[in-house]
Amino acid sequence: MVPLLTIASGEWDGGEGHSWAPYEEQAAAYAANTAGHCCDQDPSQPTKVEVGSTDNMQIYVCPTSPEHPHTDLIQ
């Protein structure tokens, strides 16, 4: 099985260190975490997709045959 797709609950860490926040978004992350989120918007989660309890879902496929069923993993 090889990874096909990862669906993350957040695009970056939400401001706890800004380790994965794009440079252009770091100011917004800092402002949101110090003043609270405006209008129920979280800068690190603009699509509001949440897998499980803020987990990631990975989908795997068989590289040999597309007829083989896919599998998934939630972490």
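**Exercises on a three-stranded sheet**

In this predicted model, an open sheet of three strands has the order β1-β2-β3, with antiparallel pairing; strands are DSSP runs of E with at least two residues, numbered from the N terminus, and two strands pair if DSSP finds at least two bridges between them. Because the model is predicted, local features need pLDDT of at least 70, side-chain atom pairs count only at pLDDT 80 or more, and totals for chains use all residues. Residues are numbered from 1 along each chain as its sequence is written, and side-chain values use heavy atoms, with hydrogens and water left out.

**Exercise 1.** Find which strands lie at the edges of the sheet, and describe how β1 pairs with β2.

*Solution.* Begin with the edge strands, which are β1 (2–8) and β3 (71–74), since each of them pairs on one side only. Then turn to β1 and β2, which run in the antiparallel sense and are joined over six bridges. As one example, Ile7 has Met57 in β2 as its bridge partner.

**Exercise 2.** Decide whether Gln58 is buried or exposed, and list its surroundings.

*Solution.* First locate Gln58, which belongs to strand β2 (residues 56–61). Next compare its relative accessibility of 18% with the cut-offs (buried under 20%, exposed over 50%, partly exposed in between, with a 1.4 Å probe and protein chains only); Gln58 therefore counts as buried. Finally, leaving aside neighbours within four places in sequence, the residues in contact with Gln58 (heavy atoms within 4.5 Å) are Leu5, Thr6, Thr71, Asp72, Leu73 and Gln75.

Key:
Helix = DSSP H or I, 4+ residues; strand = E, 2+ residues; numbered from the N terminus.
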